[in-house]
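Here are a few short exercises to work through with the model open on your screen. Try each task before you read its solution.

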Amino acid sequence: MTAKRTSSPADTLPHPKRPRIAREFITECARGGHLTLLVPDKDADGLSSGKIMHHTLVSLGLPPERIKVHMPSKSSSVFQADERAKMESHGATRVIALDQGSRGGPPLVSPVSTRGKDVRTLIVDHHESDAFPADALVVTACHSPPIATSSLLTYLLCLPLHKSVREACAVPALLGVFGDLGPSAVKWGEGPWPAYLGDVVKKVTKKALSEAVSMMNAPRRTAEYRVYDAWEAVLRARTSQDISTDRTFLAARASVNAEVKRCTHAAPAFSKDGRVALLRIHSGFQVHPVIATRWAGHLRACDLQLVMVANDGYHPSGVHTNFSCRIVASLRKLPEAERPNLIEILKEYARNVPDDKFIERIGGDFAKGHKEATGGIILTSDFEKFTEAMEIGVKPDPLEMTPRFPKKKSIDPGQKTKLTSFFSPVKEASQL
């Protein structure tokens, strides 16, 4: 866990580990009675992080009515100007962004409120980044492998602040871990993973936690984008079963499953170098990450490294394409240092686009997230240029192809050695 305070978009120098500063920030929110704005991401990890932070602030004495929540609009991010205006409209003097990703640029919100009061911002995150918004206290796990999820990072930050956090927030912490990493990726008792949370997993069961995660992720994927309904359901839940049986989640998951079934049979096209399999869909649902994960789990090809699913029907503008990339399952078994970095692969292809303004134009919504799970949102016209740079659908030169099987070695006609040199011929009975 690394904490840093940024003063400009270029300020990315590492600082000593100072979770104490973040804890002081959280405590001061409550003691000062600050109107506090929580900005959690909409997935299981973000919602769980928000619930943990909300519980901690209330436990420290901040009245619930002094806590506001903002969730970015469909296919938007907190780094956009219109979202910044929406966050500032709440009039909060303390802002806590959770699991929203990180990038360099101006402050997330103005450091001075509309009423002239000082505004301070805390960012808790784990997404890959070397740059952060100006004027923010940033606590990130991205440079401290094994990388903790935002929910676990939030849990560990809040754990010393109130005695109730350990038990009340254990399941939310686990839901975020299961949501981002799955049920079996973590070895409890090693690295940042507390051993006692492993005991909670055994008590609650992996099946129950996985079922709750599936429910939590459903509302954000619907065409209606019912993320505030998801937040309210998570906030009032006391157990994972409360989430799994909530009508809001049940209805959302049913509609998402139907859409995944409709879209998942799209045929892949491959890049000339064989590293990328691209599937195209048109859907108002955010199902492209789900389909990318499913295909990455079973698609096999000699040089394949990632599966990309592009959805030109999700963005409200109608002129953008959202895409998600996942590392193929077979490469996940490699040591971390040997796995391909999908972010760097995408940037490599982007540099091949014959357009001097392309990199500048796609900006901060391209190749963000994690080394093994990334994606972006760019203009559809730019996405087509990008696929041309990847040479999707272009057949490789046979001379450049990696052979699937080693060529059989031919017998040298000039070879003098024969089998009879090693074995004596068997004598016939008449010769005995």
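**Exercise 1.** What percentage of the 432 residues of the protein chain count as buried?

*Solution.* Keep in mind that this is a predicted model. Start with the cut-off: a residue is buried when its relative accessible area is under 20%. Apply that to the 432 residues, and 49% of them come out as buried. Now turn to the surface: the protein chain exposes about 21600 Å², with carbon and sulfur atoms supplying 54% of that area.

**Exercise 2.** Describe the make-up of the chain and its contacts.

*Solution.* First go for the secondary structure, which comes to 16 helices and 12 strands. Next, take the contacts with a separation of 6 or more: 70% of them join residues 24 or more positions apart.

**Exercise 3.** How many cavities of 30 Å³ or more does a search of the whole structure find, and which residues line the largest cavity?

*Solution.* The search turns up two. The largest has a volume of about 40 Å³. Its lining takes in Pro107, Leu108, Val109, Ser110 and Pro111, then Val119 and Thr121, and finally Ala134, Asp135 and Ala136. Sort these by class and you get seven nonpolar residues, two polar and one charged.

**Exercise 4.** Do the same for the second largest cavity.

*Solution.* Begin with the volume, about 30 Å³. Then pick out the lining: Pro40, Asp41, Lys42, Met71, Pro72, Gln100 and Tyr225. Tyr counts as nonpolar here, and the final tally for this lining is four nonpolar, one polar and two charged residues.

Key. Residues numbered from 1 in each chain as written. Predicted model: local features only at pLDDT ≥ 70, side-chain atom pairs only at ≥ 80, totals over all residues. Heavy atoms only, no water. 1 Å grid on protein atoms, 1.4 Å probe; cavity = no way out; pocket = protein on both sides within 12 Å on 5 of 7 lines; lining within 4 Å. Points joined across faces, edges and corners; volume = space filled by probe spheres on them. Helix = DSSP H or I, 4+ residues; strand = E, 2+ residues; numbered from the N terminus. Buried < 20%, exposed > 50% of the residue type's maximum accessible area, 1.4 Å probe, protein only. Contact = heavy atoms within 4.5 Å. Areas by Shrake-Rupley, 256 points an atom, 1.4 Å probe, with all protein chains shown as cover.
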